[in-house]
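This report describes the strands, the core and the pocket of one protein chain. The reader is invited to keep the sequence and the model in view while reading.

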Amino acid sequence: MTIKVGDIVRYNNKEQRVMGMLSLAGNTMLSLSHEGNGSKIRTSEVTLIEPFIRPDIKTGDCIRILPIPSEERGFYIDANKPIDDDVYAVVGVWESSRSATVIDIIYNGHKRHYMAHYVEKVREYDMI
């Protein structure tokens, strides 16, 4: 069983999102949405419920930011801030060893970062 950032897992009798991963002494440790930013849970302690499938998003694509549950907002100070449901152009896509794929947009003149599981690609035919 391979667990990755964005997956939904069961831990402590709750379904939770994997918010981050860190390798410590050869063990992969997880940060989970309901356990807090400092959580370090072994992958062997969780059960995969719903795998996250990374969207094919690249710079220049148009996206919407999906609703972000309150327990998932505070993990990264500079990322995943709630936003309206407008359409935004992607200005950057990059990988983080801890938080996986990150999508950048410009909002009110400032760059904002969103983890890929909060982003939905808008197809040209979806735009009016």
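The text below treats the two sheets first, then selected loop residues, the nonpolar core and the largest pocket.

The model is predicted, and the features described here should be read as features of that prediction.

## The sheet from β4 to β5

Strands of a sheet pair through backbone hydrogen bonds, either parallel or antiparallel. One open sheet in this model has 5 strands in the order β4-β3-β2-β1-β5, and the pairing is antiparallel. At its edges stand β4 (41–42) and β5 (47–50); each has a single partner strand, so one side of each is left without a neighbour in the sheet.

Individual pairs can be followed across this sheet. Strands β3 and β4 run antiparallel and are joined by 2 bridges, and Leu30 stands opposite Ile41 in β4. Between β1 and β2 there are 4 bridges, again in the antiparallel sense. On the other side of the order, β1 is joined to β5 by 3 antiparallel bridges. Val9 is a useful residue to locate here: Val9 stands opposite Gln16 in β2, and Val9 also stands opposite Leu48 in β5.

## The sheet from β9 to β10

Another open sheet is formed by 5 strands in the order β9-β8-β7-β6-β10, with antiparallel pairing. Its edge strands are β9 and β10, each of which pairs on one side only. On average, neighbouring strands of this sheet are turned by 45° against each other, direction ignored.

Strands β8 and β9 run antiparallel and are joined by 6 bridges. Within this pair, Tyr107 stands opposite His110 in β9, while the bridge partner of Asp104 in β9 is His113.

## Turns and loops

Most residues other than glycine have a negative phi, and most peptide bonds are trans. Which residues of this model take a positive phi instead? The table lists examples.

| Residue | Phi | Place |
|---|---|---|
| Asn12 | near 55° | hairpin of β1 and β2 |
| Ala25 | near 50° | loop between β2 and β3 |
| Asn80 | near 65° | loop between β6 and β7 |
| Asn108 | near 50° | hairpin of β8 and β9 |

The hairpin of β1 and β2 has 2 residues between the strands, and the hairpin of β8 and β9 likewise has 2 residues between its strands.

Is Ala25 buried or exposed? Ala25 counts as exposed because its relative accessibility is 84%, and the cut-off for exposed is over 50%. Asn80, by contrast, has a relative accessible area of 0% and is therefore buried, the cut-off being under 20%.

Asn13 lies in the loop between β1 and β2. At 73% relative accessibility, Asn13 counts as exposed. How far apart are the C-alpha atoms of Asn13 and Asp104? They are separated by 34 Å, and the two residues are 91 residues apart along the chain.

Val122 is placed in the segment after β10. Because its relative accessibility is 6%, Val122 counts as buried. Val122 and Ile57 are 65 residues apart in sequence, and the distance between them is 9.8 Å, C-alpha to C-alpha.

## The nonpolar core

In soluble globular proteins, nonpolar side chains tend to be buried together. The largest nonpolar core of this model has 27 residues. The residues with the most contacts inside this core are Val18, Leu32, Val46, Ile63 and Ile65. Two or more residues of the core come from each of β1 (8–11), β2 (14–24), β3 (27–32), β6 (62–65), β7 (88–96), β8 (100–107) and β9 (110–115). Which strand gives the largest share of this core? That share, 3 residues, comes from β2.

## The largest pocket

Rolling a probe the size of a water molecule over the atoms shows where empty space is left. In this model, the largest pocket holds about 190 Å³ of space. It is lined by 14 residues, of which Phe52, Ile53, Leu66, His117 and Val119 are the closest to its centre. The lining divides into 8 nonpolar, 2 polar and 4 charged residues. Strand β10 (residues 119–121) contributes the largest share of the lining, 3 residues.

Definitions and conventions:
Residues numbered from 1 in each chain as written. Predicted model: local features only at pLDDT ≥ 70, side-chain atom pairs only at ≥ 80, totals over all residues. Heavy atoms only, no water. 1 Å grid on protein atoms, 1.4 Å probe; cavity = no way out; pocket = protein on both sides within 12 Å on 5 of 7 lines; lining within 4 Å. Points joined across faces, edges and corners; volume = space filled by probe spheres on them. Nonpolar A, V, L, I, M, F, W, Y, C, P; charged D, E, K, R; others polar. Core = buried A, V, L, I, M, F, W, Y, C linked by side-chain atoms within 4.5 Å. Buried < 20%, exposed > 50% of the residue type's maximum accessible area, 1.4 Å probe, protein only. Pairing = 2+ DSSP bridges. Axes fitted to C-alpha atoms, helices over the stretch in contact; angles between N-to-C directions.
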